[in-house]
Amino acid sequence: MIEQAPFPFSFPGFAPHPPVGLLTLEILYFIIGITLCIITFLKTKEVYNLTKHKGIFYFRQTFIFFILAYIMRSVFLAMLMINPSSASMIFMPLHDIALFLLIYFSFMALFSLTYGTLWQPNKEHYAEDNLLNGIAVALSCLVFFGRYEVIPIGLGLCLLVYSIIKIYLTKVTRKIFFTQMNVLYILLFIFWICNLVLFLQEIDFGIKIGFYAVSLVLFGIITHRVFKRLK
Amino acid sequence: MGKKRDKLTLIFDVLNVIRSNKNAIKPTRLLRYSNLSSQGFLEYYGELLNRGFVQENKNEKGRKTISLTDKGFKFLEKYQMIRGFIDDFELNGMM
């Protein structure tokens with residue numbers, strides 16, 4: 001029997017031999033998710049080129065980071081398929097890099113989403129871009145090297161609470177407190193955090209299907225709205 | 001007092017003034033019709049030039065006129081769609 005090598009996170013659902021059902025689920029989730037993100041990103045290219053609007057910039061940036069996170073996720077899984085024992089000296093660094101980048105891109109996607117759509121500062125904010133990158137790298141290091149898997153949840157909750165307060169303070173004069181899009185962005189945020197945490201943990205197959213399905217529905221709604229507006 | 005125009009609306013208004021003047025307007029007339037301060041106008045006008053929405057020409061009398069480029073026309077044509085997208089996705093706060 002092949003002994004599993006130490007790994008930044010236990011991944012018992014995939015090693016040493018991933019079940020076919022789980023593998024199919026991950027492949028389907030990857031294909032549908034990345035396709036929806038790519039469509040949204042490409043469809044908004046023209047409006048961004050015409051306007052150079054900062055809000056559209058962050059909206060698109062969110063989706064490019066989702067795309068990169070999906071790619072890293074698939075690279076990580078592919079490495080496990082090729083070499084389930086994770087013991088090879090060749091594949092081990094690739095595993096690690098893919099996992100680190102997956103965490104980093106996930107944080108960046110969430111930062112862009114909250115910063116560009118929920119917070120919306122009015123001034124020029126190039127300095128904040130670097131700040132967001134710095135925070136994302138620092139948090140990724142903490143999760144990756146320190147194995148603090150609770151960080152995504154903690155950070156998610158903090159950002160969420162702050163965003164809700166921010167919406168309340170900036171849009172308090174409106175009749176509708178939370179618009180449809182506010183709710184959609186918040187749900188997307190919550191489910192992406194959940195997906196990241198669930199990916200790093202062994203959980204029930206049924207729960208995984210549920211979370212993946214809701215995430216894809218949220219991406220689908222956004223892509224559909226983009227198409228409706230930019231046809 | 002009217003609501004303050006955002007950057008996108010300002011760009012639309014300035015380009016629309018040029019289009020409604022048969023796509024050739026003198027800078028002084030454009031400044032007057034765009035309802036901007038001189039400093040604000042220069043700032044936006046420079047941006048419109050840099051982003052390729054407008055171009056400077058000389059008329060038969062050798063005077064400078066401003067006209068829209070293809071990109072400028074495209075912006076005007078797509079403005080309602082762009083505005084709808086930004087409003088629908090709540091991206092208004094950032095310019």
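In this predicted model, Asn35(B) sits in the loop that joins H2 and H3 of chain B. Asn35(B) is not a glycine, yet its phi is positive, at about 55 degrees. Most residues other than glycine have a negative phi. With a relative accessibility of 63%, Asn35(B) counts as exposed. Asn23(B) offers a second example in chain B, this time in the loop between H1 and helix H2 (27–33). Its phi is near 55 degrees, again a positive value in a residue other than glycine. Asn23(B) has a relative accessible area of 22% and is therefore partly exposed, since the range for that label begins at 20%.

A step back from these loops shows the chain around them. Chain B contains 4 helices and 2 strands, and from the N terminus on its elements follow the order α-α-α-β-β-α. Of its 95 residues, 45% are buried. Among the contacts in chain B with a separation of 6 or more, 47% are between residues 24 or more positions apart.

Helix H1 (residues 7–20) of chain B is a good place to look at how helices meet. Two packed helices are described by the angle between their axes and the distance between the axes. For H1(B) and helix H4 (residues 70–88) of chain B, the axes come within 10 Å and cross at roughly 150 degrees. H1(B) is therefore roughly antiparallel to H4(B), a label that applies to angles over 145 degrees. The crossing of the pair is left-handed. On the H1(B) side, the contact is formed by Leu8(B), Thr9(B), Ile11(B), Phe12(B), Leu15(B), Asn16(B) and Arg19(B). H4(B) contributes Gly72(B), Phe73(B), Phe75(B), Leu76(B), Tyr79(B), Ile82(B), Arg83(B) and Ile86(B). By type, the residues of this contact are 10 nonpolar, 3 polar and 2 charged.

H1(B) also packs against helix H3 (residues 38–50) of chain B, at an angle of about 80 degrees and with the axes 11 Å apart. The two helices are therefore roughly perpendicular to each other, as angles from 65 to 115 degrees are classed that way. Here Lys7(B), Leu10(B), Ile11(B), Val14(B) and Leu15(B) of H1(B) meet Tyr44(B), Glu47(B) and Leu48(B) of H3(B). This contact divides into 6 nonpolar, no polar and 2 charged residues. Ile11(B) and Leu15(B) thus appear in the contact with H4(B) and in the contact with H3(B). An α-helix has 3.6 residues a turn, so residues three or four places apart point the same way.

The strands of chain B can be approached through Lys64(B), which belongs to strand E2 (residues 64–68). Lys64(B) is partly exposed, with a relative accessible area of 39%. Leaving out residues up to four places away in sequence, Lys64(B) touches Lys26(B), Pro27(B), Glu56(B) and Asn57(B). The C-alpha atoms of Lys64(B) and Pro27(B) are 7.5 Å apart, although 37 residues separate the two in sequence.

Chain A has another make-up, with 8 helices and 0 strands. Read along the sequence, its pattern is α-α-α-α-α-α-α-α. Buried residues account for 51% of the 231 residues in chain A. Of the contacts in chain A between residues at least 6 apart in sequence, 77% join residues at least 24 apart.

Helix H7 (residues 180–199) of chain A has 20 residues and reaches 28 Å from its first C-alpha to its last, close to the 28 Å expected at 1.5 Å a residue. Because 15 of those 20 residues are buried, H7(A) is largely enclosed by the rest of the structure.

Arg73(A), in helix H3 (residues 54–82) of chain A, is in contact with Asn195(A) and Phe199(A), among other residues. Its further partners include Glu26(A), Tyr29(A), Leu102(A) and Tyr212(A), with neighbours within four places in sequence left aside. The relative accessible area of Arg73(A) is 6%, so this residue is buried.

Cys37(A) lies in helix H1 (residues 20–43) of chain A. At 0% relative accessibility, Cys37(A) is buried. Apart from residues up to four places away in sequence, Cys37(A) touches Phe63(A), Phe66(A), Ile67(A), Tyr70(A) and Phe219(A). Cys37(A) and Leu68(A) are 31 residues apart in sequence, with their C-alpha atoms 9.9 Å apart in space.

Key: Residues numbered from 1 in each chain as written. Chains lettered and ligands numbered in written order. Predicted model: local features only at pLDDT ≥ 70, side-chain atom pairs only at ≥ 80, totals over all residues. Heavy atoms only, no water. Buried < 20%, exposed > 50% of the residue type's maximum accessible area, 1.4 Å probe, protein only. Contact = heavy atoms within 4.5 Å. Axes fitted to C-alpha atoms, helices over the stretch in contact; angles between N-to-C directions. Parallel < 35°, antiparallel > 145°, perpendicular 65-115°, else oblique. Left-handed = near helix turned anticlockwise from the far one by under 90°. Nonpolar A, V, L, I, M, F, W, Y, C, P; charged D, E, K, R; others polar. Expected span 1.5 Å × (residues − 1).
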